[in-house]
Amino acid sequence: RRLAESGVGEGAPRPNSGLVEVAAVAPGQAGMGMSVPGLGVGGSVAMPSTGQVAQQLAAYARFSEAPGGQAAATSASDIPPLGFALAQLHGVYILAQNEKGLVLVDMHAAHERITYERLKAGQAGQGIRSQNLLVPESLNVSEREADLAESATEQLDALGIRCDRSGPETLLVRKVPTLLQNADIAELLRDVLSDLGTQGSSTRVESEMDEVLSSMACHGSVRANRRLTLEEMNALLRDMERTERSAQCNHGRPTWVQLDMGALDRLFLRGR
């Protein structure tokens with residue numbers, strides 16, 4: 001059914017003459033949601049059955065054709081901003097239909113942002129979790145750095161770092177943030193002490209943790225060529241709508257674009 005026209009969505013690509021061949025494959029089994037690992041590998045496009053599409057797009061019945069070919073003037077409140085999933089293209093993109101037209105979603109980039117924001121929220125809620133090193137790490141520093149570490153015990157503890165002075169120019173690192181257990185602790189501690197000495201505070205640990213969380217989110221997100229079921233695709237769309245900054249991935253790339261009916265009509269030279 002024809003939907004009301006509007007301008008091209010912000011950030012949407014300009015139409016071009018390239019054509020994409022879409023090969024349909026049989027739909028997968030019912031999904032368990034995006035949090036379940038072990039998604040199966042599928043073909044180039046995962047297409048839901050006709051019955052599934054009809055069920056998911058039932059909300060569009062409100063937009064039934066009125067006499068004269070114009071869309072009925074009814075509320076679009078039942079249609080989510082990113083619409084409903086229709087297909088998966090080459091195991092990379094989700095094709096969805098919303099009130100304006102077509103939504104294209106980079107599923108890995110979108111899931112990466114969702115995972116990252118969830119990890120950050122969990123970290124913020126629990127504070128900086130730390131763990132004792134199995135073998136304390138000895139670190140040679142300047143006498144000034146050793147003095148600073150000895151006087152800034154509470155600040156270091158708040159950052160998840162515990163170290164004791166074991167000599168005039170030696171520190172013994174006993175505890176580090178859990179997420180940074182594989183980081184270069186010596187370099188990190190020196191940077192933190194430098195910040196404390198010049199600024200009175202340090203954001204080094206938080207910055208390092210953000211990098212770790214971003215890497216974890218990337219590795220924990222759904223990969224290309226994984227076939228998602230209709231339920232999983234729609235679950236991802238709903239998670240995107242609930243997640244802050246979900247329009248961009250952790251690296252600044254867009255996670256979705258909108259092509260409204262006007263843009264699609266121009267692509268096919270309709271109305272000329």
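**Exercises on a predicted chain**

Of the contacts (heavy atoms within 4.5 Å) in the chain with a separation of 6 or more, 70% are between residues 24 or more positions apart. The model is predicted, so local features need pLDDT of at least 70 and side-chain atom pairs count only at pLDDT 80 or more, while totals for chains, interfaces and linings use all residues. Residues are numbered from 1 along each chain as its sequence is written, and side-chain values use heavy atoms, with hydrogens and water left out.

**Exercise 1.** Determine how helices α5 and α6 are oriented to each other.

*Solution.* Step one: locate the helices, which are DSSP runs (H or I, at least four residues) numbered from the N terminus. Helix α5 covers residues 185–199 and helix α6 covers residues 204–219.

Step two: take the geometry. The angle between them is about 140°, and their axes are 9 Å apart. Axes are lines fitted to C-alpha atoms, for helices over the stretch in contact, and angles run from 0 to 180 degrees between N-to-C directions.

Step three: classify the angle. Under 35 degrees counts as roughly parallel, over 145 as roughly antiparallel, 65 to 115 as roughly perpendicular and the rest as oblique. Helices α5 and α6 are therefore oblique to each other.

Step four: list the contact residues. Helix α5 contributes Leu188, Asp191, Val192 and Asp195, and helix α6 contributes Arg204, Val205 and Glu208.

**Exercise 2.** Describe the largest nonpolar core and the elements that build it.

*Solution.* Step one: apply the definition. A nonpolar core is a set of buried Ala, Val, Leu, Ile, Met, Phe, Trp, Tyr and Cys residues joined through side-chain atoms within 4.5 Å; buried means under 20% relative accessible area, with a 1.4 Å probe and protein chains only.

Step two: find the best-connected members. Among the 23 residues of this core, Leu156, Leu171, Leu189, Val192 and Val205 touch the most other members.

Step three: assign elements. Two or more residues each come from α3 (143–151), β8 (170–177), α5 and α6; strands such as β8 are DSSP runs of E, at least two residues. The largest share, seven residues, comes from α5. Another core, of 16 residues, lies apart from this one and includes Ala85, Ala96, Val222 and Met240.

**Exercise 3.** State where Arginine 245 lies and what its phi is.

*Solution.* Step one: Arginine 245 is in the loop between α7 (230–242) and β9 (256–260). Step two: its phi is positive, about 60°, although Arginine 245 is not a glycine. Step three: Arginine 245 has a relative accessible area of 47%, and is thus partly exposed (from 20% to 50%).
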